[in-house]
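Subject: Handing over a structure, with notes on what was found

Dear colleague,

I am passing on a structure for you to look through, and my notes on it follow below. Please open it first and keep it beside you as you read.

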Amino acid sequence: MSGLEEMSREELIALTRALMAENGALRARVAVLEEENAQLRTENAELRERVARLERLLSRNSGNSGMPPSADDLPGRKRPKDRTAGNTGRRRPGKQPGAEGKALAWSDEVADSDIIDHYPQGACGCGTDLGQAADLGVTRAHQQIEIPLVVARRLQHNLHTVACRCGRVHTAARPAGVSAAPV
């Protein structure tokens with residue numbers, strides 16, 4: 001700008017007017033760019049939210065959501081971490097070794113009408129019918145709790161053992177639906 005001292009007054013006025021016109025055009029361009037920038041910021045924020053939502057959906061698998069394991073093989077899905085790898089020192093699910101067991105208690109309060117005796121059926125290996133064998137008493141007993149609509153009913157299944165005339169001993173089979181546990 002060292003040449004400004006050598007310019008005439010009219011030339012300086014013309015230069016000033018040209019600079020003012022250029023400045024006005026630049027201000028208008030800056031206003032347009034700022035408006036576009038505001039729109040882009042809004043669009044970018046929406047895109048960031050959309051990408052975050054999609055990444056969250058893609059990161060879901062059967063290990064960290066309620067999705068079935070069959071969906072883990074879909075394209076773009078991450079397989080869940082192996083639950084056994086890296087879990088040293090952590091408890092496994094379920095009852096822990098050495099923990100006290102829990103079960104239903106045996107009850108002596110069973111109505112006589114709810115005690116069902118079971119005897120071995122069929123024939124012995126010698127051919128004698130087991131219905132004629134001598135009763136040696138109850139070998140095992142299993143209690144089953146049946147819960148009707150209103151009250152619980154406890155049935156006791158006594159499995160008898162009998163001795164055939166030939167000397168062989170037979171025990172009644174546990175009925176279907178009766179648990180192998182005592183209660």
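Please keep in mind from the start that this is a predicted model, and that the numbers below were computed from it.

The chain as a whole

The protein chain contains 1 helix and 4 strands, and if you follow the sequence from its beginning you meet them in the pattern α-β-β-β-β. The radius of gyration of the protein chain is 45 Å, well over the 16 Å that the globule rule gives for 183 residues, and the chain is therefore more spread out than a compact globule. Along its principal axes, the C-alpha trace spans about 145 × 40 × 30 Å. Of the 183 residues in the protein chain, 16% are buried, while the area that the chain exposes comes to about 14,700 Å², with carbon and sulfur atoms supplying 54% of it. When you consider contacts between residues at least 6 apart in sequence, 50% of them join residues at least 24 apart. As for charge, the chain has 26 positive and 24 negative charges, and the mean positions of these two groups are 8 Å apart.

Two buried residues

Gln143 lies in strand 2, which covers residues 134-146. Is Gln143 buried or exposed? Its relative accessible area is 2%, under the 20% cut-off, and so Gln143 counts as buried. The side chain of Gln143 reaches the backbone oxygen of Ser107 at 2.5 Å, and Ser107 is also among the residues that Gln143 touches beyond four places in sequence, together with Trp106, Val110, Arg154, Leu155, Gln156, Pro182 and Val183.

His157 is found in strand 3, made up of residues 153-163, and because its relative accessibility is 6%, His157 counts as buried as well. Which side chains make polar contacts with the side chain of His157? One is that of His118, at 2.8 Å, and another is that of Gln144, at 3.3 Å. Leaving aside neighbours within four places in sequence, His157 is in contact with both of these residues and also with Ile116, Arg140, Ala141, His142, Pro175 and Val178.

A partly exposed residue in strand 4

Thr171 has its place in strand 4, which runs over residues 169-171. Its relative accessibility is 36%, which lies between the 20% and 50% cut-offs, and so Thr171 counts as partly exposed. Its side chain makes a polar contact of 3.0 Å with the side chain of Thr161, and, not counting residues up to four places away in sequence, Thr171 touches Thr161 along with Pro120, Thr139, Arg140 and His160. How far apart in space are Thr171 and Arg140, C-alpha to C-alpha? They are 9.0 Å apart, although 31 residues separate them in sequence.

A residue in a loop

Thr128 belongs to the loop between strand 1, residues 115-118, and strand 2. Thr128 and Ala111 are 17 residues apart along the chain, and their C-alpha atoms are separated by 34 Å. Once neighbours within four places in sequence are set aside, Thr128 is in contact with Gly122, Ala123 and Cys164.

As you read, you may find it helpful to locate each of these residues in the model in turn, and to follow its contacts before going on to the next.

With best wishes

How values were computed:
Residues are numbered from 1 along each chain as its sequence is written. This is a predicted model: local features need pLDDT of at least 70, side-chain atom pairs count only at pLDDT 80 or more; totals for chains, interfaces and linings use all residues. Side-chain values use heavy atoms; hydrogens and water are left out. Helices (H or I, at least four residues) and strands (E, at least two) are DSSP runs, numbered from the N terminus. Buried means under 20% relative accessible area, exposed over 50%, partly exposed in between (1.4 Å probe, protein chains only). Contact means heavy atoms within 4.5 Å. A polar contact is a pair of N or O atoms within 3.5 Å; within protein, one must be able to donate a hydrogen and the other to accept it, and residues adjacent in sequence count only if both atoms are side-chain atoms. The radius of gyration is taken over C-alpha atoms; the globule rule is 2.2 Å times the number of residues to the power 0.38. Accessible areas come from the Shrake-Rupley method with a 1.4 Å probe; for residues, only the protein chains shown count as cover. Lys and Arg count as positive and Asp and Glu as negative; His and the chain ends are not counted. The place of a charge is taken as NZ of Lys, CZ of Arg, CG of Asp or CD of Glu.
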